Protein chains: 2
Amino acid sequence: MDRTENSFPSQPVIILVNPQMGENIGATARAMLNCGLRYLRLVNPRDGWPSEKADAMSAGALNAMPPVQVFDSLEDAIADCHTVYATTARARDLVKPVMTARSAGTAMHQDIHDGQKIAILFGAERAGLSNDEVMMAHKLITIPLNPDFSSLNLGQSVLLVSYEWSQGVFNAPEITTPLGKSNPAPATLFNGFFDRLDTELLATGFYRVPEMKDIISRNIRSLFSRAHPTDQEINTLHGIVTSLLTGRTQK
Amino acid sequence: MDRTENSFPSQPVIILVNPQMGENIGATARAMLNCGLRYLRLVNPRDGWPSEKADAMSAGALNAMPPVQVFDSLEDAIADCHTVYATTARARDLVKPVMTARSAGTAMHQDIHDGQKIAILFGAERAGLSNDEVMMAHKLITIPLNPDFSSLNLGQSVLLVSYEWSQGVFNAPEITTPLGKSNPAPATLFNGFFDRLDTELLATGFYRVPEMKDIISRNIRSLFSRAHPTDQEINTLHGIVTSLLTGRTQK
């Protein structure tokens, strides 16, 4: 993953244009690495580079990334890039495609798959990118947020855009239920418990209205089935029934 | 949207359990309101409540939200909730469904559509939620991030989970190209420009190999068509052609 003169990372490069506070550069690096992005370029950082404040805020990210590259002009910073995305909070009077962060995240993977080198521009705190800077981008990214309170700080903007890219990398099942050392109970165990419960409920007079028994019994079975207990949990349920029965007998 | 004793917001309530620094509570409020979430509850904030540091970091969000509610115990804080989500960074030895932030964002809209009152728990800085606290949740949320560098600060965790919920609220077209005051050029304007260009190219000897003319001409038309110019841009293109021709004539 080391970057040499002739290689370009197969992931977006993040470019901060005229960033002001070192803290925000550090927060950017942390957000990037959270999302697996490792290549940061700076155009004219106001307070110079390197920055102790950036190091402190990056929570170790800057040390784990290749060296940050510093440029005098945006043109130099994007010279080797095929497609440039620019994040903007407000609409611009420019005829350029505007994408959501989500659709841009997907599009960037396609760009990279097509062999393109791509960059994402973020403007300075407060002012954002100038129109001249935005002009150098091919596509604009706007994050759909609460229109009455949409101002994000720099690190948060970088986090959301990087996150959308990262979701094409760090896949996870949408939903999963880890079972630890236990297995989901096989049907014979589950039914064994339920048959026992039903027998005990009948013996203890739970089913007061005989014609309702089938419906109520089915509902109870459905309740336990929905919980999809493990075999350990079936053992626990047996213990609960035993304990309750014992208590009643001793009374 | 005001919350009274008998109403519960039709959006997730965010609950910070044992939060430490006021700054992080403020950052949480800002991230929430960015995503349209307005209801924040605190369980035992270490440095008390209200907090000047929280106000400063919230960038005005705390003033725009209903008053934050403070509770002595998590049980009290979730007492009126039907379904409780808990965010965890690490796997737990618990048999509970674990969802991605994205799938949880979708599921919460369904919960609310079904009439449920829901809450999302976030643990203290560093330690996160204890196992006893996680036990009170029905579903766990884990954000898929760089496994080698996955530690988020509290405000960033709240931002990503809230953002995923918000994308079901603040819809935006995946991609759009705003045209400002100009319209996309009708075909007659576009073709008029291209026919002129082609005529001038022919006259100026651009097509050196006659049998290649059709292919090259088609490629040029395709290039301009891909740009999908507005009528203003067609005028500009005419001006460019005129200017170039004039320069040549005067030479």
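In this predicted model, helix α8 of chain A (residues 187-203) contains 17 residues. From its first C-alpha to its last, α8(A) reaches 24 Å, close to the 24 Å expected at 1.5 Å a residue. Just after α8(A) comes G205(A), which takes a positive phi of about 80°.

The sheet draws on both chains. Its 8 strands follow the order β3(A)-β2(A)-β1(A)-β6(A)-β4(A)-β7(A)-β5(A)-β8(B). The sheet is open, and its pairing is mixed. At the edges lie β3 (69-71) of chain A and β8 of chain B, each of which pairs on one side only. Helix α5(A) packs on this sheet. It touches β4 (83-87), β5, β6 (118-122) and β7 (139-142) of chain A, together with β8 of chain B. The direction of α5(A) makes about 105° with that of β5(A).

Strands of a sheet pair through backbone hydrogen bonds, either parallel or antiparallel. Where the two chains join, β5(A) and β8(B) (residues 175-176) run antiparallel and are linked by 2 bridges. V98(A) has T176(B) as its bridge partner. For M99(A), the bridge partner is I175(B).

The contact between the chains takes 42 residues from chain A and 42 residues from chain B. On the side of chain A that touches chain B, at least two residues each come from α1 (22-34), α3 (61-64), β5 (98-100), α5 (101-113), α7 (154-166) and β8 (175-176). The largest share of that side, 5 residues, is supplied by α7(A). By class, the side of chain A that touches chain B comprises 23 nonpolar, 15 polar and 4 charged residues.

How values were computed. Residues are numbered from 1 along each chain as its sequence is written. Chains are lettered from A and ligands numbered from 1 in the order in which they are written. This is a predicted model: local features need pLDDT of at least 70, side-chain atom pairs count only at pLDDT 80 or more; totals for chains, interfaces and linings use all residues. Two residues are in contact if their C-beta atoms, placed from the backbone, lie within 7 Å. Helices (H or I, at least four residues) and strands (E, at least two) are DSSP runs, numbered from the N terminus. Ala, Val, Leu, Ile, Met, Phe, Trp, Tyr, Cys and Pro count as nonpolar, Asp, Glu, Lys and Arg as charged, and the others, Gly among them, as polar. Two strands pair if DSSP finds at least two bridges between them. The expected span of a helix is 1.5 Å times one less than its number of residues. Axes are lines fitted to C-alpha atoms, for helices over the stretch in contact, and angles run from 0 to 180 degrees between N-to-C directions.
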